[in-house]
Amino acid sequence: DEKILRMVRSGKYHCPGFAFVTFNEESAATRCLQLLNSDESAHRMLPTGELVPAAAELGNARLRGERPPEPEEVYWDQLQFKHPELVRRQVIAISLMMCVALAGTVIISFANYGMGPVMASANSLASRIGLQVVFTLLIILGNIFIFILTPIVAHRYERHYTFGGKELSCFTKMVSFQVFNTVVASTVFYFFSSFFEPTRHSWYEYGSSMVLNVLIGDIFVINLGIDFGQPGQLITKYLQAPTARTQRELNTMVTSSRTADIYLAFRLQLVVKIVVICLIYSSAIPVCYLLTAFFMLLAMWIDRYNLLRRLAPPPRSPDALVSLVLGKIFPAAIAIHLACTVMYYTFQRGVVYSDPLCSAATETLVTKFTGGLPVLADGTRCQTMWTLLQADTSVAICWAALLIYGAFLMYFMRREA
């Protein structure tokens, strides 16, 4: 101990602030963790039994203990970076990804707006299909930069101590910025359509179609095209492998292409993104439930195939990753779902109340010829007392669901805290 202290105090060596200790007995390790994480760790017991302040010998630092990850999951060369340096790098990385997300939001908004007036001017079915494909690819492009840059920035710049820390950081960024892209672009279309095209359901022409395009793009392009197709392995097999000059070089290429790395975090963030977007918009677009169920069915078989046949076993994911999803993200998504349901139905009730009332004669005529959808003589939609009561009842049910399920949700969050 004295030798190590002299080496640290000499200034020639930099202490990273970590120490790994091996115990012969499980009970000894448990007792050590209890002592380190309690008030007793503020003092050090000498061989004589005397307690002396430990902070004086450790530079006023407080020791904390936890069970370490597996040795292969530790980035040993990055333990030298202090916590303030990691925070600085994390702030810069988040700022960079925010700029990328904003650029993606602009691309998504432009592409989805182009689906309206641009496709309306198309003269043939082939041109409409071609424009649909182009604009859908642009919407996917608005998110795919986040997929590409997040792991690269985490690996080359952020300097995480463990693989689990890098995995958690990548997962959080990809989920946050992709949901941000979709929600912001959809909100922009709500205000845009309300200002330029004040029709009864103008938001559905742009905002809802954008949400559906995002979900469909994730299901077929990301889920099937990238995760199942594994273009990286195909490039290695058919383009890079034939150029290998030795068997060792070929083996290195094939092995690196089959490494799982953050595969589980990437797949989990895609599942969480789909579920969160579904919960936010499903009250206004019920078909989101069917798309989410279809995605889950495909994802199950894709993960089975990739993890059992294509990829090497991935490293153990941290418990904090699943705890974040189950204890924080999903409860928050359910709360947002309840609030958005009230918001959507309240807006729709406002649309209903903005229509004129129908006369008794009009109601009879409309019921006979239009299947119960009341309209006036000039084609304007009108409302009956029954439809107004339906709108009020729907909003009241939404508020009741918000209060009841919100109370259960708060109890769950408090219990899990």
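**Tyr345 and the nonpolar core**

Me: What makes Ser283, Ser394, Val395 and Cys398 contacts of Tyr345 in this predicted model?
Reply: Contact means heavy atoms within 4.5 Å, and Tyr345 touches these four residues when residues up to four places away in sequence are not counted. Residues are numbered from 1 along each chain as its sequence is written, and side-chain values use heavy atoms, without hydrogens and water. Because the model is predicted, local features need pLDDT of at least 70 and side-chain atom pairs count only at pLDDT 80 or more, whereas totals for chains, interfaces and linings use all residues.

Me: Why is Tyr345 called partly exposed?
Reply: Buried means under 20% relative accessible area and exposed over 50%, with partly exposed in between (1.4 Å probe, protein chains only); Tyr345 has 35%, and therefore falls in the middle class.

Me: What makes the set with Phe171, Val211 and Tyr281 a nonpolar core?
Reply: The term covers buried Ala, Val, Leu, Ile, Met, Phe, Trp, Tyr and Cys residues joined through side-chain atoms within 4.5 Å. The largest such core has 52 residues, and Phe171, Val211 and Tyr281 have the most contacts inside it. Helix 10 (263-281) is one of the helices that each supply at least two residues, and helix 10 gives the most, with twelve. Val211 touches Tyr281, among others, not counting residues up to four places away in sequence.

Me: How do you know that Tyr345 is in a helix?
Reply: Helices (H or I, at least four residues) and strands (E, at least two) are DSSP runs, numbered from the N terminus, and Tyr345 is found in helix 12, residues 319-353.
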